[in-house]
Amino acid sequence: MSKKPIICEVCQKVINDPDDLITASTLFSVKPYHEYCYGHDVRGTKSIILANHPLNGTSGTVSYLLIFLLTLLLFIYTESFIKYIVLAFLMLETGFRIYAYIVYIRKFNKAT
Ligand SMILES: [Zn+2]
């Protein structure tokens, strides 16, 4: 029913191929991009971990694993409140990925 196309944030064209889809979080929202558009337009502008990074694909998985490990280590080795900040960050990252999956990635899985 809701066959709304996924529109790339950079070039405003429809993304047809799931392999071409990059979902990235920009502060508190998740945006879809073509792999090409993301690589050429988005990534260069910001590089800090919070600002903009891909949620899916290899680099998305790696960055998520790093955050997960960091949270785990902080919980094991420190009593500081910092671990709660990192935990909140991990939950935010998890939420972004669930959101990206439901809103964008799932559409491709259903289409085939
Ligand atoms: Zn594009």
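**Exercise 1.** Why is strand β1 (residues 21–26) largely enclosed by the rest of the structure?

*Solution.* The model is predicted: local features need pLDDT of at least 70, side-chain atom pairs count only at pLDDT 80 or more, and totals for chains, interfaces and linings use all residues. Residues are numbered from 1 along each chain as its sequence is written.

Step 1. A residue is buried if 20 or more other C-beta atoms, placed from the backbone, lie within 10 Å of its own, exposed if 12 or fewer, and partly exposed in between.

Step 2. Five of the six residues of β1 are buried, so the strand is largely enclosed. Across the 112 residues of the protein chain, 21% count as buried.

**Exercise 2.** Determine how β1 is joined to strand β2 and where the two stand in the order of elements.

*Solution.* Step 1. Helices (H or I, at least four residues) and strands (E, at least two) are DSSP runs, numbered from the N terminus. The protein chain has three helices and three strands, in the order β-β-α-β-α-α from the N terminus.

Step 2. Strands pair if DSSP finds at least two bridges between them. Six bridges join β1 to β2 (residues 29–34), and the two run antiparallel. Leu21 has His34 in β2 as its bridge partner.

**Exercise 3.** Describe the surroundings of Glu9, in the segment before β1.

*Solution.* Step 1. Glu9 has 16 other C-beta atoms within 10 Å, so it is partly exposed.

Step 2. Contact requires C-beta atoms, placed from the backbone, within 7 Å. Neighbours within four places in sequence aside, Glu9 is in contact with Lys31, Pro32 and Tyr33.

Step 3. Between Glu9 and Lys31, 22 residues apart in sequence, the C-alpha to C-alpha distance is 6.7 Å.

Key: Contact = placed C-beta atoms within 7 Å.
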